[in-house]
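This report looks at the empty spaces of one protein model, and then at a sheet, a helix and a single residue.

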Amino acid sequence: MAELVNLTIDGRAVSVPKGTNLIEAARLAGIDIPYYCYHPHLSVAGNCRMCQVKVEGQPKLTIACNTGATEGMVVKTQHSAPEVENAQRATLEFLLINHPLDCTVCDQAGHCKLQDYYYEYNTQPSRFIEDKQHKVKAEVLGPEVIYDGERCIVCTRCSRFCEEVTKTSELGVFNRGDKSVISVFPGRELNNPLSGTVVDLCPVGALTHRRWRFNTRIWYTNQKNSVCAGCSTGCNVNVAVRDGKIVHVKGRLNSSVNQEWMCDEGRYGFNRFQPEARAAGASVRTGSALAPSTIDAALQAASALAGTGNDAAMFLSPLLTLEEGWVALQFAEKVMGITPGSGRIAMQIRTRELTPVEAVLVSPDYAANARAATVLGLIDGQLQDWRKILQAQYQNLLNQIRKEGVKRLLFVGDFSLLEDDVDAELRAALESAATVVAISPRVPSAGGVERFAHVFFPGRTANEKGGIYVNGSGRLQRVRALLDPPFGTFPEWLTLEKIARAAKRALLPAEAIDERALFRTMVQAVPALK
């Protein structure tokens, strides 16, 4: 363990590992020191000068981002030292000298650190009477990012990210003094798989998303913290929603998962989970086509899944929450008569090759919660190559159905079976099954595997449900419903419980009536979670 040192910040005693910079040490003491250029996962640049503090025994003020904690150090911040407060006020005045009054049109307005710090540490009228320095406006840096040089305070977070994290080095600081700007090197463009992260890192409105530019004001949105469902990395995100649509996604700081980075595929791909067409209710096959049905009739028809023996199979979506996966496995055993070790249950997963830049953050799959299979006992929880095991299990079940057919089949969740895997042999086996039930947010008429269903229940997308995801490293994280689901849809776990009750084989106690209550019930039942 690192050596601990004791220091005092604004009269508060705090113990931190030796060398911890004073911004982080102050944070542990409940004291915020303002900064622009500092980031806990980037190198120290020390060029914004906002984080100046007074250290007893030093002749001048020092920057907190590049000063390490030592034993007995006495530090005063803007809260207790007038000279620090004056220095921060002066620094802000210099930063704002050439800054345009773009707040009325700037996408960053409402969550801009220049606005926040000016209100908190300055609030003085401008004394600058000379002509402002005019710089480049709306310069396209790449397919996803636009730059406004006049708003830039040259904190260099963006260029350090491209140099130190992605190691693609597209960005640099050009010119000198008050003419300095960020730009791409000649013949280059900002086009790496994590390029949108530089917008998150920008503390002002200099970098903006091209596809979200001028689409909404942040104060008109409802913001929620959640987890990206794009892959099993489980990046922590803040999602802004307006009028039932996702209008902005921002990486959220979590040093144990994604730092504050996020890939472009995940950031701009949240809407790919939302199909355009949605079913309004349950359907039951009559003749060769599905027809709208009452929920009671559909549940009664779906109760034909009940039985025993190896004539049944279940496919699970990798986007199911941990709670839904647990209920699904209970359903498989208690209603359908199949167990995890029988090889008749599989979770859809497909791996992919990653470029070196993608591998910095992205997982080699599109399976946000596939690792839940190790927690729930679908596969051995100690296996390191769990992706290969799950993929082999999925392919083996497909091959088994192709050869032997299946009588009772259940698809649970979105992408529980990929359309690309449905060849002529598998199609014939699915069409000859006696009972096929699908729970999915995608309507059967859209051409997916849901079209094989004899009974169809409308499900919810990854953006419409809350619960627990287990990321690729085994960390449990809570996801929150970002969008309101269409009327008449239910979470998959509740639909499974309704089918089980129709088959006179209830799975859950009466008190499991919502996501939190279901979570508490699951924790008591799953050994790995106790």
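On a 1 Å grid over the protein atoms alone, a cavity is a set of points where a 1.4 Å probe fits but cannot get out, whereas a pocket is an open set with protein on both sides within 12 Å along at least five of seven lines; lining residues have an atom within 4 Å of a point. Grid points are joined across faces, edges and corners, and a volume is the space filled by probe spheres set on the points.

The model is predicted, with local features needing pLDDT of at least 70 and side-chain atom pairs counting only at pLDDT 80 or more, while totals for chains, interfaces and linings use all residues. Residues are numbered from 1 along each chain as its sequence is written, and side-chain values use heavy atoms, with hydrogens and water left out.

**Cavities and pockets**

Six cavities of 30 Å³ or more are found when the whole structure is searched. The largest cavity holds about 200 Å³ of space, and among the 18 residues that line this cavity, Asp107, Gln108, His111, His209 and His248 lie nearest its centre. Two or more residues of this lining come from each of α5 (197-201), β10 (207-209) and β13 (245-251); helices (H or I, at least four residues) and strands (E, at least two) are here DSSP runs, numbered from the N terminus.

The second largest cavity, with a volume of about 90 Å³, has a lining of 16 residues, and those nearest its centre are Cys152, Cys155, Cys158, Cys202 and Leu207. Helices α4 (157-164) and α5 each supply at least two residues of that lining.

The largest pocket contains about 740 Å³ of space. Its lining has 35 residues, of which Tyr35, Lys113, Arg157, Lys250 and Glu260 are the closest to its centre. The elements giving two or more residues to this lining are α1 (22-28), α3 (113-121), α5 and β13, and α3 gives the most, with five residues.

About 580 Å³ lies in the second largest pocket, where 25 residues form the lining and Leu96, His99, Leu101, Tyr118 and Ser126 lie nearest the centre. Here α2 (82-95) and α3 are the elements that give two or more residues.

The table divides each lining by class, where Ala, Val, Leu, Ile, Met, Phe, Trp, Tyr, Cys and Pro count as nonpolar, Asp, Glu, Lys and Arg as charged, and the others, Gly among them, as polar.

| Space | Nonpolar | Polar | Charged |
|---|---|---|---|
| Largest cavity | five nonpolar residues | eight polar residues | five charged residues |
| Second largest cavity | 14 nonpolar residues | one polar residue | one charged residue |
| Largest pocket | 16 nonpolar residues | eight polar residues | eleven charged residues |
| Second largest pocket | 13 nonpolar residues | six polar residues | six charged residues |

**The five-stranded sheet**

Strands of a sheet pair through backbone hydrogen bonds, either parallel or antiparallel. Two strands are taken to pair if DSSP finds at least two bridges between them. In this model five strands form an open sheet in the order β2-β1-β5-β3-β4, with mixed pairing. Strands β2 and β4 (62-63) stand at the edges, each with a single partner strand, so one side of each is left without a neighbour in the sheet.

At one edge, β1 (residues 4-9) and β2 (residues 12-17) run antiparallel and are joined by six bridges, with Val5 having Val16 of β2 as its bridge partner. Two residues lie between the strands of this hairpin, where Asp10 takes a positive phi near 50°. At the other edge, two bridges join β3 (residues 52-55) to β4 in an antiparallel arrangement, and Gln52 stands opposite Ile63 in β4.

**Helix α10 and residue Thr435**

The expected span of a helix is 1.5 Å times one less than its number of residues. For the 19 residues of α10 (residues 386-404) the expected span is 27 Å, which agrees with the 27 Å between its end C-alpha atoms. Buried means under 20% relative accessible area, exposed over 50%, and partly exposed in between (1.4 Å probe, protein chains only). The buried residues of α10 include Trp386, Arg387, Leu390, Tyr394 and Arg402, and what covers the buried residues includes β16 (312-316), β17 (345-347), α9 (372-376) and α11 (424-431). Gly405, with a positive phi near 80°, follows the helix.

Thr435 belongs to strand β19 (residues 435-440) and is buried, with a relative accessible area of 10%. Not counting residues up to four places away in sequence, Thr435 touches Ala304, Leu305, Lys407, Arg408, Leu409 and His454, where contact means heavy atoms within 4.5 Å.
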